[in-house]
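I opened the notebook to record what I looked up in this model, taking the core, the sheet and a pocket in turn.

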Amino acid sequence: MATADLLLHPVRLRVVQALLGDRTLTTGELHAEMPDVPVATLYRHVGVLADAGVLEVVGERRVRGSTERTYRLVTAAASVGPDEAAGMTPDQHRRAFGTFVAALLADFDRWADAAGPDGLDPARDGVGYRMTGLWLDDEEFSGLLDDVRAVLRARLENTPRAGRRRRLVGTVFLPGG
């Protein structure tokens, strides 16, 4: 199974997203974050990701006669590489982008549905979305990408601690018409 095909299943994509940020979770903990996914389905997709090397087992313990495994995302294995992306057809890119957007919408819906008695507060929660048009030649655009990567890389090594929340950052770059 190609990496794109492996990652672009909605349940597997949600599992990958749940483990972003160097999290380690058991299948039970994953199910608590995805209660709408049947347990058997979740176990099957976790197994597919583990067999493909996208997830690795970082711990095991015996629980009521069975083995409970704790998984970690293998970040390098959890993305479509430039060579594979270059070989994808326009329809495969449409499907990949559609899956990405659907996952983004689902994450947004989960945030909106979890609003407390005070309602939604995007500023408090750090939720934002906007589109900006920039006039850049290829060299300037390459510099922008380098800058964005540097800003994110500087924070990727942050670990969980009091006062920190896991934040999802999605990026899309498209040429303007």
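Which residues of the largest nonpolar core touch the most other members? I found that, of its 19 residues, Val 15, Leu 30, Leu 49, Val 54 and Leu 55 do so. I took a nonpolar core to be a set of buried Ala, Val, Leu, Ile, Met, Phe, Trp, Tyr and Cys residues joined through side-chain atoms within 4.5 Å, and buried to mean under 20% relative accessible area, with exposed over 50% and partly exposed in between, for a 1.4 Å probe and protein chains only.

**Ground rules.** I noted that this is a predicted model, in which local features need pLDDT of at least 70 and side-chain atom pairs count only at pLDDT 80 or more, while totals for chains, interfaces and linings use all residues. Residues are numbered from 1 along each chain as its sequence is written, and side-chain values use heavy atoms, with hydrogens and water left out.

**Whole chain.** I read 8 helices and 3 strands, in the sequence pattern α-α-β-α-α-β-β-α-α-α-α; helices (H or I, at least four residues) and strands (E, at least two) are DSSP runs, numbered from the N terminus. The C-alpha trace spans about 60 × 45 × 30 Å along its principal axes, and 21% of the 177 residues count as buried.

**Core and H2.** I then asked which elements give two or more residues to the largest nonpolar core, and listed helix H1 (3-7), H2, H4 and E3. The largest share, 5 residues, comes from H2. Helix H2 (residues 10-19) has 9 of its 10 residues buried, so it is largely enclosed by the rest of the structure. Among these buried residues I noted Arg 12, Arg 14 and Gln 17 alongside Val 11, Leu 13 and Val 15. H2 is followed by Gly 21, whose phi is positive, near 90°.

**Sheet.** I looked up the strand order next and found an open sheet of 3 strands, E1-E3-E2, with antiparallel pairing, where two strands pair if DSSP finds at least two bridges between them. Strand E1 (24-26) and strand E2 (55-63) are the edge strands, each pairing on one side only. The twist averages 25° from one strand to the next, the axes being lines fitted to C-alpha atoms (for helices over the stretch in contact) and angles running from 0 to 180 degrees between N-to-C directions.

E2 and E3 pair over 8 bridges; I checked Arg 61, whose partner in E3 is Glu 68, and Arg 62, whose partner there is Thr 67. These two strands form a hairpin with 2 residues between them, and Arg 64 in the turn has a positive phi of about 45°. E1 and E3 pair over 3 bridges, with Thr 24 partnered by Arg 72 in E3.

**Second largest pocket.** I recorded a volume of about 230 Å³. On a 1 Å grid over the protein atoms alone, a pocket is an open set of points where a 1.4 Å probe fits, with protein on both sides within 12 Å along at least five of seven lines, and lining residues have an atom within 4 Å of a point. The lining includes Thr 27, Tyr 43, Arg 64, Thr 67, Glu 68 and Tyr 71. Helix H3 (27-33), helix H4 (39-51) and strand E3 (66-73) each give two or more residues to this lining, with the largest share, 5 residues, from E3. By class I noted 4 nonpolar, 5 polar and 3 charged residues.

Terms used: Grid points are joined across faces, edges and corners, and a volume is the space filled by probe spheres set on the points. Ala, Val, Leu, Ile, Met, Phe, Trp, Tyr, Cys and Pro count as nonpolar, Asp, Glu, Lys and Arg as charged, and the others, Gly among them, as polar.
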